[in-house]
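Subject: A structure for you to look at

Hello,

Here is the structure I promised to pass on. Please have it open while you read the notes underneath.

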Amino acid sequence: MKKEIRVWDPLVRVFHWTLVLSFAIAWVSADEFDTLHFWAGYTIAALVAFRIVWGVIGTRHARFSDFVYRLSTIKTYLIDLAALRPKHYVGHNPAGGLMVIILLLSLGLLTFTGMASVAPDGIGPLAGTWVESISGHWMEDVHEAVANLVLAFVLFHIAGVLVSSLVHGENLVRAMINGKKEIEEKSDEN
């Protein structure tokens, strides 16, 4: 027998979908609409900062302590997933938790390189700081490379959500919209 439980709090869900929208806007506006691109990037930077704070003080399944696992646990989960018999987790599974960390770090790097690339032109919060001295035209290339890497991570994340949804028989996209997951009544809450 399945029951519905609340897993993702409203702040996590708003963060997630605002991040999706902001990244899409930043991607589409790159090289065409600088002001829109900059503001999408600033929004991403603020969202990443918020999520780091919320990962420490937030609700149970939002906290890093709930979904950051040892590498051995991640490896075991991935092996079991490949065998179509992974352990079910109420919050993020070990692979999903790793992806959250990878995305936060890479998005942090993306926003830093973006701000650093325009700092020498006197634009943005890093203008007039030490960053100007290490930045230059090459930083735009780094920013673009990191953006492509983040896009690859996003596509990998989407694939992981689809695979996990199929293997566990749950709709993770719906759960990230309404905050609820269906679990077996005798499920082990992790």
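Below is what I found, starting with the whole chain and ending with a few aromatic rings.

Please keep in mind that this is a predicted model. The protein holds 8 helices and 2 strands. Reading from the N terminus, the order is β-α-α-α-α-α-α-α-α-β, with a strand at either end of the list. The C-alpha trace spans about 60 × 30 × 30 Å along its principal axes.

Of the 190 residues, 39% count as buried. The surface that the protein exposes comes to about 10800 Å², with carbon and sulfur atoms supplying 67% of it. As for charge, there are 15 positive and 18 negative side chains, and the centres of these two sets lie 17 Å apart. I also looked at contacts between residues at least 6 apart in sequence: 68% of them join residues at least 24 apart.

Helix 2 is a good place to zoom in. Its 24 residues, 34-57, should span 34 Å at 1.5 Å a residue, and the end C-alpha atoms are 35 Å apart, so the two values agree. Which residues of helix 2 are buried? They are His-37, Ala-40, Gly-41, Ile-44, Leu-47, Val-48, Arg-51, Trp-54 and Gly-55. These buried residues pack against helix 1 (10-29), helix 3 (64-67), helix 5 (94-118) and helix 7 (137-168).

Now for the aromatic rings. Searching the whole structure turns up 7 aromatic pairs. One of them joins Phe-15 and Phe-50 in a tilted arrangement, 6.3 Å centre to centre with 45 degrees between the planes. Because Phe-15 sits in helix 1 and Phe-50 in helix 2, this pair ties together parts that are 35 residues apart in sequence. Phe-15 has 9% relative accessibility and so counts as buried, while Phe-50, at 27%, counts as partly exposed. For Phe-64 and Phe-67, the ring centres are 5.7 Å apart and the planes stand at 70 degrees, so that pair is edge-to-face. Both belong to helix 3, where being 3 residues apart separates them by about one helical turn. Are Phe-64 and Phe-67 buried or exposed? Phe-64 counts as buried at 18% relative accessibility, and Phe-67 counts as buried at 0%.

Finally, ring pairs link Phe-15 and Phe-50 with Trp-54 into a cluster. Trp-54 is also one of the buried residues of helix 2.

Happy viewing, and best wishes

Methods:
Residues are numbered from 1 along each chain as its sequence is written. This is a predicted model: local features need pLDDT of at least 70, side-chain atom pairs count only at pLDDT 80 or more; totals for chains, interfaces and linings use all residues. Side-chain values use heavy atoms; hydrogens and water are left out. Helices (H or I, at least four residues) and strands (E, at least two) are DSSP runs, numbered from the N terminus. Buried means under 20% relative accessible area, exposed over 50%, partly exposed in between (1.4 Å probe, protein chains only). Contact means heavy atoms within 4.5 Å. Accessible areas come from the Shrake-Rupley method with a 1.4 Å probe; for residues, only the protein chains shown count as cover. Lys and Arg count as positive and Asp and Glu as negative; His and the chain ends are not counted. The place of a charge is taken as NZ of Lys, CZ of Arg, CG of Asp or CD of Glu. The expected span of a helix is 1.5 Å times one less than its number of residues. Rings of Phe, Tyr and Trp (its six-membered ring) pair if their centres lie within 6.5 Å; planes under 30 degrees apart count as stacked, over 60 as edge-to-face and the rest as tilted.
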